[in-house]
Amino acid sequence: MQFKRGETFQVKGFRNKQIASKMLSIGIIPGSRLTIVRQVLGGRTLYLKVDGFPVALRRRELRAFVLDESRHS
Amino acid sequence: MRPVRLYLAGNPNSGKTTVFNLLTGLHQHTGNFPGVTVERKRGHFRLDTGEEVEVIDLPGTYSFYPTSLDERIVVQHFADPDREAEFVLYIADMNHLDKHFLLLEQIMDTGARVILALNMADQAERHRLDVDVTRLRHVLRIPVIKISARTGAGLAELKQALHELFQRKQAPPGPFYKLSDAERRKVQELQKEFAALNDYQRLLLLHHYRWLPFLSEAERERIAAVAQGFDSLKHQVEETMQRYNRFLPVIRSAIRRAPDTRRLLSDRLDSVLTHRVWGPLIFFAIVFMVFQAIFSWAAYPMEWIDGLFSQLANIVRSRLPAGWFRDLLADGVIAGLGGIVIFVPQIAILFFLLGILEEIGYMARAVYLFDSLMQRFGLNGRSIVSLISGGACAIPAIMTTRTITNWKERLTTILTVPFISCSARLPVYVILVGMAVPETHFLIFNLQGLAFAGLYLLGVIAALGAGWVLKHVLHTGEQGFLALQLPSYQWPVWRNVFLGMWEKTRSFVLGAGKIILVISIVLWAAASFGPPGQMKAAAEAVRQEVAAGRISPERSADALAARRLEASYAGRVGKWIEPLIRPLGYDWRIGIGLLTSFAAREVFVGTMSTLYSLGDDGGTESLREKMRQARLPDGRPVFTRATSLSLLIFYVFAMQCMSTLAVVRRETGSWKWPALQFTFMTTLAYLAAWAVYHLLSSL
């Protein structure tokens, strides 16, 4: 997945248990809807909306998500 | 009567600190939680009914599965069998209740008596969002109060509810979490050893026994045996999901929401402030303005403080009889205190401005913007706050690293921050740049101004370079996280800004201040005392030179001071290290300056003014002039351009600050890291200064 601006996904689960632990704590859970809003220069960090609430995540962290692609643009 | 203890708990963005400040005002003090360097804020207030309440602010965390030292404190507290039966005021952001119920339920499941405050009610009203409080009360079976810590609304109701909570002897509601069969079997095995705990608390032991500090070794081994085959992460995920599945429908049914307009304003601001190009540019403009403000606003109070302390010293000198006690007071204690207080204006202004940026929600955006860049240098987006603070003083800057959850990234930040040119380096830069760089213009730029900018830039490059090296040298298995919530922009709560500034400045004065004071006194003693025979000989030599007319009588006191310093223990050490610093272009006097500036770098300037007070008999020329006229025994000037630049470079890189080393020791828990830091910074400083000196001397 490229994680381009405007893409929307639904969280199905997590591949990495440590990431899962951290994400569940801050309220990103299976069923949450993610929208990629923008990224920084270099693209390692992303600005997302999770169920409408803005969250910053590293691209590496996002790769550990199991996502259901339901692309909107 | 003993005060009732009330613990404040909640997520990081719940407005917990605002509630704490609202309840306690200035009746608060900061210490550490026992055994760790996590800040513990304590305060007290009185209810209208007369009960005295002691409030303890627990670190903000999202759940009982901590990722940082700060967050561990919370689990540690609620799983401790020896804790007293306590009351908890749980603060939740009413606008995002779904994010705040996980920790609430976990805390309630430990048997604590909880009151739930739905904070930010004012914001919710503007968002046209409402929560059915009766329904939440009914489901949770605890008091639920709507408040707004920003405006103070709901405070009276909250206090009333607290009063009722303290009076009633009601058992806490039963646990929400249903342990799985496997979990139940395991916790039952621990029943005998931990009879004071409930099932859920024993489950927490199984998750966290490796680091929980209150466990004895025997207990730890016992739990480890029971925990065989217990997959902590798997059970954590199961627990969390069970809780979410239960409370999300409850919250949804209790919330009434109309379309949100304020979020849109925040989004519009973010489209500029977090823009990939404009964002960083705006950030640098803000940092530039912050430092501009620090240096221009602080100049006046610093002048007053300087004047005040030199007057104090003069009063002591004129009122007390001559002797070592007078000198200790005037030159050791008062000078040392002045050396601390002089930094207060800059530190206070820095933390005032950073406090505003934090309060309005901008800091989280800065962290987002720079995380990517910082990662390349082994740092974390959160390091940007520490690096900026380092521009005023490394000590509070190192204390701000506590929010970095990854140990390697936090350690790297701690080790690299002292490279950033702090305000104590500034007086040294001022003197030396004036000597090394002519006051002319290059194109439209003032050459000295360019030199200053260059020195600061060099510090930044050194910090990032060191980070890059450490990234490849340090190895820990830990995974770094960003996972950062970006709260809506809001107006600052001024009470928080001022209390934060007060608290940071106080911790600098009390923490670093003590060390600076002690070192000032030690250095004063080393510079005032020497082998008695040689001190006498120095005085005799001056007397003879005055008699011979080589020194005018008015100048004899200055000459005596300089000769005595040369003969003192400090002077002897300076001479002793001279061979070591000779290759950098320094003589023994600069050596003394390097040693004395360990108390704080700006002490270098004071030492130089004592050492070079001999020379001409005009006495009105500036220190810089005197330094220019200083000669080596062979008649060559001491401060050539090469020496001055070499010394400047040395001060950019060297770890010339005892207090910072002491703080690094405290924050890392071992002498290993400050020792390593001292070694690599001094080595780098030495090599760079050597290179500069030789390059310029050979031109």
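Which residue in S4(A) is the bridge partner of A:Val50? Keep that in mind as we walk through this predicted model, and we will meet the pair along the way.

**Stop 1: chain A as a whole**

Start by selecting chain A. You should find 2 helices and 5 strands, and if you trace them from the N terminus, the order is β-α-β-β-β-α-β. Turn the chain around: its C-alpha atoms fill a box of roughly 30 × 25 × 20 Å along the principal axes. A compact globule of 73 residues would have a radius of gyration near 11 Å, and chain A agrees, because its own value is 11 Å. Now colour by burial, and 41% of the 73 residues of chain A count as buried. Try drawing contacts too: among those between residues at least 6 apart in sequence, 50% join residues at least 24 apart.

**Stop 2: two strands and our pair**

Next, select strand S3 (residues 45-50) and strand S4 (residues 53-58) of chain A; they run antiparallel and are joined by 6 bridges. Here is the reply to the opening question: A:Val50 has A:Phe53 as its bridge partner in S4(A).

**Stop 3: a sheet across two chains**

Bring chain B into view and select strand S12 (484-485) of that chain. This strand belongs to an open sheet of 6 strands, in the order S5(A)-S1(A)-S2(A)-S3(A)-S4(A)-S12(B), with antiparallel pairing. Look at the edges: strand S5 (65-69) of chain A and S12 of chain B each pair on one side only. Then select helix H15 (residues 362-376) of chain B, which packs on the sheet and touches S3 and S4 of chain A together with S12 of chain B. The direction of H15 makes about 135 degrees with that of S3(A).

Zoom in where the sheet passes from one chain to the other. There, 2 bridges join S4(A) to S12(B), and these strands run antiparallel. Click on A:Val55 and look across to B:Gln485 in S12(B), which stands opposite.

**Stop 4: where the chains touch**

How many residues does each chain bring to the contact? Chain A supplies 26 residues and chain B supplies 29. On the chain A side, highlight helix H1 (17-25), strand S2 (33-39), S3 and S4, since each of these is a good place to look: every one supplies at least two residues. H1(A) gives the most, with 8 residues. Colour the chain A side by residue type, and you will count 13 nonpolar, 7 polar and 6 charged.

**Stop 5: two crossing helices in chain B**

Move on to helix H24 (residues 569-581) and helix H25 (residues 588-596) of chain B. Their axes come within 7 Å and cross at roughly 110 degrees, which means that H24(B) is roughly perpendicular to H25(B). Show the side chains where they meet: from H24(B), look for residues including B:Val573, B:Ile577 and B:Ile581, and from H25(B), look for residues including B:Trp588, B:Ile592 and B:Leu595. The residues of this contact divide into 8 nonpolar, 4 polar and 3 charged.

**Last stop: B:Pro532**

Finally, select B:Pro532, which is found in helix H22 (residues 532-547) of chain B. Is B:Pro532 buried or exposed? With 9 C-beta neighbours inside 10 Å, B:Pro532 counts as exposed. To finish, draw a line from B:Pro532 to B:Glu183: their C-alpha atoms are 76 Å apart in space, and the two residues are 349 apart in sequence.

How values were computed. Residues numbered from 1 in each chain as written. Chains lettered and ligands numbered in written order. Predicted model: local features only at pLDDT ≥ 70, side-chain atom pairs only at ≥ 80, totals over all residues. Helix = DSSP H or I, 4+ residues; strand = E, 2+ residues; numbered from the N terminus. Buried ≥ 20, exposed ≤ 12 C-beta atoms within 10 Å, placed from the backbone. Rg over C-alpha atoms; globule rule 2.2 N^0.38 Å. Contact = placed C-beta atoms within 7 Å. Axes fitted to C-alpha atoms, helices over the stretch in contact; angles between N-to-C directions. Parallel < 35°, antiparallel > 145°, perpendicular 65-115°, else oblique. Nonpolar A, V, L, I, M, F, W, Y, C, P; charged D, E, K, R; others polar. Pairing = 2+ DSSP bridges.
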